[in-house]
Amino acid sequence: MRQRLFRIVLNLAFFVMTMVTGMASEPGQGTETDKKVLTVGLFKYVPDIQAFETALTTQWKDIEPDVALRFVDWDCYFEEPKSDVFVFDGLYASQYIEKGLLYPLGESIPARSAYPAWTLEQASSQGIYYGIPQMVCMDTLFYRKDDQAVARVQTMQQLYDAIGPRKTQALLPGRDEGVIADFSLNNEMKYYNILQDHTGKVVPVQAMGNVQEDAMQYLKELYAMTGTATGRYDDGNEFTRAEWFAQGHGRALYAYPEAMSAIVRLGQGDDTDVKAISSCEHPDVATAYVDYVSISSRIPANKVGPAKKLVALLTSKPFMLAALKPASKEDVPQYLLAARQDVMQELAASDPNYQKLYRHLYRAKSWHVMAGTKNFAAWEAKVGPDIERDVNVLPPIEAGASCFNENSATDSKELWRLTLSPQA
């Protein structure tokens with residue numbers, strides 16, 4: 001689906017621009033007024049986006065044969081919505097709703113009972129839905145079935161206790177060492193993910209302060225288990241690390257569910273297990289991502305009807321099964337996770353590796369959803385250099401040293417008081 005956590009780069013310039021312009025359309029980006037054309041922006045970070053386009057085009061002909069679909073190339077991590085209907089990371093849901101960018105869908109959504117409550121956390125505001133969940137994603141630990149020590153771990157600290165730091169600094173770790181993970185770009189989002197796991201909810205920017213030493217320690221331990229060469233390697237292929245693991249390197253792979261596609265393609269699906277893992281010390285809490293389908297608030301009135309039908313189709317069981325199941329028995333599934341439980345149940349019944357993902361990820365934890373907060377980009381720009389320094393362990397933090405400004409009200413105790421208080 002994406003290197004969602006390590007590759008998400010919240011573009012500060014983009015958010016500054018939207019604050020000033022109210023996210024006005026750029027030339028040529030407005031929605032088309034012709035009712036016979038709906039513009040569509042799909043989530044691009046999937047193994048096979050063509051499967052989504054093909055399934056959508058095929059099924060749409062039976063619903064609105066006189067309304068054409070035009071797919072728009074866009075990236076929700078760097079651009080404002082620029083199509084009539086679009087799929088985006090729920091990280092931006094609260095900001096999109098606050099800025100009035102999403103068309104209200106009403107007090108109910110199609111097949112509401114098919115969605116676990118956690119998938120809907122960011123979909124509504126004041127009783128009105130603005131999006132419908134399509135896919136979900138979460139941190140996933142892949143490991144070999146015969147590795148009982150790793151099979152027992154539930155948290156990042158337990159994983160570090162079981163594996164420890166890399167024994168060598170070679171690009172490809174031995175079979176008995178290390179965790180293969182991606183640190184090729186910025187790591188502010190992973191740190192933010194750890195903070196969310198600590199509190200079990202969105203952490204307000206005003207409560208985050210500077211880099212918090214205890215939370216940072218989990219990120220540093222993951223980096224130590226990965227090693228600099230392995231973590232920083234970047235060839236533009238998000239499945240390279242999954243291929244390394246399938247070829248026998250590393251004791252575990254820290255990635256996303258769709259990494260299973262490369263593992264199965266290389267014949268190691270039967271020998272590989274998966275589990276959800278908490279980024280902090282709380283084994284029963286972890287962060288998930290949700291992708292929502294929404295309608296632009298700028299859509300012309302004469303296109304609202306067809307757009308609502310398209311949103312319903314994009315989140316329907318027939319569409320999701322057509323997009324996620326392989327086209328033939330020889331093909332490998334994408335191993336993306338649908339937000340709908342009935343879709344996941346059918347995928348699990350038809351494929352043993354999808355069954356692992358369904359049992360050990362989708363249903364495994366009390367998930368809470370990754371969500372951005374107001375002024376997040378400014379905080380990210382502020383702490384980014386400190387996080388990059390600490391993740392490279394340069395210089396090491398002295399025993400007893402505080403990561404907080406002594407003159408700041410947001411010291412470590414104040415941080416947790418703010419994040420745990422009802423009004424935070």
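The protein has 18 helices and 13 strands. Both are DSSP runs numbered from the N terminus: helices are H or I with at least four residues, strands are E with at least two. This is a predicted model, in which local features need pLDDT of at least 70, side-chain atom pairs count only at pLDDT 80 or more, and totals for chains, interfaces and linings use all residues. Residues are numbered from 1 along each chain as its sequence is written, and side-chain values use heavy atoms, with hydrogens and water left out.

**Exercise 1. Place C137 and Q345, and decide how covered each residue is.**

Step 1. Find the elements. C137 sits in strand β6 (residues 132–138). Q345 belongs to helix α15 (residues 341–350).

Step 2. Apply the cut-offs. Buried means under 20% relative accessible area, exposed over 50%, and partly exposed in between (1.4 Å probe, protein chains only). C137 is buried because its relative accessibility is 0%. Q345 has 39%, so it counts as partly exposed.

Step 3. Look across the chain. C137 and Y256 are 119 residues apart along the chain, and their C-alpha atoms are separated by 6.8 Å. For Q345 and R359, 14 residues apart in sequence, the C-alpha distance is 9.5 Å.

Step 4. Take the whole protein. Of its 424 residues, 57% count as buried.

**Exercise 2. Describe the largest nonpolar core.**

Step 1. Define the core. It is a set of buried Ala, Val, Leu, Ile, Met, Phe, Trp, Tyr and Cys residues joined through side-chain atoms within 4.5 Å. In soluble globular proteins, nonpolar side chains tend to be buried together.

Step 2. Find the best-connected members. The largest core has 121 residues, and F88 and L159 touch the most other members.

Step 3. List the partners of L159. Contact means heavy atoms within 4.5 Å. Beyond its neighbours within four places in sequence, L159 contacts L141, V150, V153, G164, V179, M225 and I277.

**Exercise 3. Which helices each supply at least two residues to the lining of the largest pocket?**

Step 1. Define a pocket. On a 1 Å grid over the protein atoms alone, it is an open set of points where a 1.4 Å probe fits, with protein on both sides within 12 Å along at least five of seven lines; lining residues have an atom within 4 Å of a point.

Step 2. Find the centre. The lining has 19 residues, and D48, D331, V332, P333 and Q334 are the closest to the pocket centre.

Step 3. Name the helices. They are α3 (49–60), α12 (260–265) and α14 (317–324).
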